[in-house]
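Reader: Could you take me through one part of this structure closely, and then set that part beside its other features? I would like a careful, connected account.

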Amino acid sequence: MPRPASAKHPKRAPSAAKVEELRGFLDDLMLRYHRPEFLGTDPLAMVHALPPGLDREVGALLAALLAYGNVKQIQRSLNILFTAMDGRPGRFVSQFNHHHAAAALDGFKHRFTTADDVLALCHLLHEALAGADSLEPFFLRGCRFDDETDLALAAGRFVENLCAQDFGAHLDRETVITRTSFKHLLPRADHGSAAKRVHLWLRWMVRPADGVDLGLWRTVPASHLLVPVDTHLLRLGRHLGFTRLTTHSLAASREITAALRRVHPTDPTRYDFALCRLGILQACPTASRMEACLQCELRLACTTHRRLARKPRHPLSS
Ligand code: SF4
C-alpha cells in the first residue's frame, strides 16, 4: 500500500534548541497578530459582540459552521442570522419553538446552507442543551481524554450524538441527516477531512479568554485541540516544514498540531490565529517573495525563505 508523502521520509525530532528557537519566533509572531485589533478579518469579531455566556457559545458555533466563503459574505450572513435571533442565539436555541424559529429564519441562505438546515441545527442544539446553560456537558459525553490525544473522534461523536436525538414532530430525521447541505453545515471531524470549522469552534471555546479566543469551557484541555486547517494554515505549515501534505485533511491537521505541540505542549493551537493572519493579510503572499520574508518573524525557521535565499536573482531583475 503506498505510504503518504509525509511518511516516505520520516523526520527526526528537532533538537531542544531548535524547538526553543522556533518558540521564540512564534511568540514574536503572536505578539504582533494575536490581538483584538485583528479580529476584523475573522467571523469571531461578531461573536465578541454578543452577550457573554450561552449566546456567545451558540453564536460561536453558528459563526464557525458558516465560516466558509469570503469574509464579507460570512459577516453579512451572520448579521442576518443574529438579527433574526434578536441578537440572542443562545436564548433562541434554549427557548426553541419550531413555528417561531421557522418564521424568524424564513429566507435565510448562506451559500449552500439553507434556513431548513439552521432550523434543524437549532432544534438539535435545544435538545442537546436540555435546560443546561452550556453545550460543554453534551460535548464531554463524546470525550475520551485518557485514550485519545486529540479531539477528532470526540468532535465526530458530538455530531453523531446531536443527530441521534429526537427530531420532534416537525422534522424528519432521515430527510435532515441525508441532505447534502446539512451534512456540509455539520461536518464529521472523524471522517478524514480537516473539519476546520468544527475545530475552529473548539479553539474559541477551549483556549483561555485572551481578547481573541473566548475561554467559555472549563473541562476540555487545550492540549487536545487540533489546529483548524484552512488554505492559509496548510500553506504556513508547509513553509515551516510541519507537513508535506497538500490537502486539508485530518492527517495534515494532526501533523501541524504535532509540530506545534512540541513548541507548546499544553496549548498547541495558541499560534493558529496569528499564523492565519500572515496568510489572510497577505503578509506571507501566496507567491512567496523575499521582500515579504524579510519582514517576517518566521524567516529563520522557514524552509521557503531558505530556498528563496539560495536562489540567485536574475541579473535583469530589479
Ligand atoms: S518567511 Fe516568507 S515564506 Fe516563510 S512564512 Fe514568512 S513570509 Fe511566508
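Author: In this predicted model, a suitable part to begin with is helix α15, which covers residues 250-263. Its 14 residues reach 20 Å from the first C-alpha to the last, close to the 20 Å expected at 1.5 Å a residue. Of those 14 residues, 11 are buried, so α15 is largely enclosed by the rest of the structure. The buried residues of the helix include Leu 250, Ile 256, Leu 260 and Val 263, and among them are also Arg 254, Glu 255 and Arg 261.

The setting of Asn 70 is another matter, for this residue lies in the loop between α4 (54-65) and α5 (71-84). Asn 70 is exposed, because 8 other C-beta atoms lie within 10 Å, and a residue counts as exposed at 12 or fewer. Its C-alpha is 10 Å from that of Thr 41, although the two are 29 residues apart in sequence.

Turning to the interior, the largest nonpolar core has 88 residues, and those with the most contacts inside it are Ala 60, Ala 63, Ala 64, Ala 155 and Trp 201. This core draws at least three residues from each of domain 1 (1-33 + 227-303) and domain 2 (46-220). Leaving aside neighbours within four places in sequence, Ala 64 is in contact with Arg 197, Leu 200, Trp 201 and Trp 204.

Finally, the residues around the ligand include His 239, Cys 284, Cys 293, Arg 299 and His 305. The elements giving two or more residues to this shell are α14 (231-239), α17 (290-293) and α18 (303-310), and by class the shell has seven nonpolar, four polar and one charged residues.

Terms used. Residues are numbered from 1 along each chain as its sequence is written. This is a predicted model: local features need pLDDT of at least 70, side-chain atom pairs count only at pLDDT 80 or more; totals for chains, interfaces and linings use all residues. A residue is near a molecule or strand if its C-beta atom, placed from the backbone, lies within 6 Å of it. Helices (H or I, at least four residues) and strands (E, at least two) are DSSP runs, numbered from the N terminus. Ala, Val, Leu, Ile, Met, Phe, Trp, Tyr, Cys and Pro count as nonpolar, Asp, Glu, Lys and Arg as charged, and the others, Gly among them, as polar. A residue is buried if 20 or more other C-beta atoms lie within 10 Å of its own, exposed if 12 or fewer, and partly exposed in between; C-beta atoms are placed from the backbone. The expected span of a helix is 1.5 Å times one less than its number of residues. A nonpolar core is a set of buried Ala, Val, Leu, Ile, Met, Phe, Trp, Tyr and Cys residues joined through C-beta atoms within 7 Å. Domain bounds come from an automatic or database domain assignment. Two residues are in contact if their C-beta atoms, placed from the backbone, lie within 7 Å.
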